[in-house]
Amino acid sequence: MDSVAFNGDIGVDDVSCCNVSGASLHLHYEIRRSNCGEAVQVKVEKETGSSVYVTHCLATAIVIYLVWRTIAGGSVVWAAIGVVILLLSLAQLLLCVTSETLLVVGGIGMQVTQTHRMGMESSRFFACCDVRDVVINEAITMHRTLFYLVAIVGMETEMLVPLFGNTRPRLKQLQLIRRMIRDVLNSTLHECGK
C-alpha cells in the first residue's frame, strides 16, 4: 500500500500487517482536507484476541491458588514470591498498551494518544511550531536493527518523542506514516520559519 485512497476530501484506509516482532497489527489511516487545512489521523492497534486475555486470567488464578496454598503451608518466602508474581501479572494485564493514535492537524499541532487494555488513555500534545521534524530513526541491537518514528520537538532544546513505540509497526508502514505527517506539517513548518 503506497497511498491512501480518497473519497472526496476524506482519504481512509485500513491495513492488517505485522509489527517488528511478528504480532498482528491493524492500521487505520484517515486524511481530511478542507479549506481550513489538512489533518491526518493514524491509529495502530495490536490485534490481541480474547484467548490472550483468558490465558492471562487463568495464569493469574493459578498463581493466586498457589500463593494461598503456600501461605496455608507456612512458607513465607514462597508466598512473597507468589504475591510479587501476581502483582506483576496484574500490572502487565492492566497497563498493556493496546493502541496508539497520532493526530496531526496543520497549523495547530500533533497529539499522541496511548490506549491501555482497561480503557485508560494518556495523551500528549505538541504545538505545530514546536515540531521541528519527523524522522525514522534506527536502533541496533545484538541481532537486528529496529526502525522507529521520532518527532523532534522543541525550539531551543531538542527533545526526541518516539511515536508508536509500543505497537512498533514495520519500516514500510513507518515510511507511509512519516510521508503523511510531513505532508500536513510542511506548510506549517514554513510558516514558523523552519
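## A tour around E100

Select E100 to begin: this residue is buried (under 20% relative accessible area with a 1.4 Å probe and protein chains only, where exposed is over 50% and partly exposed lies in between), yet E100 has no salt bridge, and the nearest side chain of opposite charge, R124, is 7.2 Å away. A salt bridge here needs a side-chain nitrogen of Lys or Arg within 4 Å of a carboxyl oxygen of Asp or Glu. For charge, Lys and Arg count as positive and Asp and Glu as negative, while His and the chain ends are not counted.

A word on what you are viewing: this is a predicted model, in which local features need pLDDT of at least 70 and side-chain atom pairs count only at pLDDT 80 or more, while totals for chains, interfaces and linings use all residues. Residues are numbered from 1 along each chain as its sequence is written, and side-chain values use heavy atoms, with hydrogens and water left out.

**Next, select G165 and N166.** What does the side chain of E100 reach at 3.3 Å? It is the backbone nitrogen of N166. The backbone nitrogen of G165 also lies 3.4 Å from a polar atom of the E100 side chain. Polar contacts are pairs of N or O atoms within 3.5 Å; within protein, one must be able to donate a hydrogen and the other to accept it, and residues adjacent in sequence count only if both atoms are side-chain atoms.

**Now show the neighbours.** Leaving out residues up to four places away in sequence, E100 touches several others, including V42, V44, T113, Q114 and F164. Contact means heavy atoms within 4.5 Å.

**Select residues 97-105.** This is strand 5, where E100 is found. Helices (H or I, at least four residues) and strands (E, at least two) are DSSP runs, numbered from the N terminus. Strand 5 is mostly covered, with 7 of its 9 residues buried.

**Add residues 37-46.** Here is strand 4, which pairs with strand 5 in the antiparallel sense over 7 bridges; two strands pair if DSSP finds at least two bridges between them. Look for V42, which stands opposite L102 in strand 5.

**Add residues 109-116.** Strand 6 also pairs with strand 5 in the antiparallel sense, over 8 bridges. V104 stands opposite M110 in strand 6. Strands 5 and 6 form a hairpin with 3 residues between them, and G107 in the turn has a positive phi of about 85°.

**Finally, zoom out.** The protein has 3 helices and 10 strands, and buried residues make up 34% of its 194 residues.
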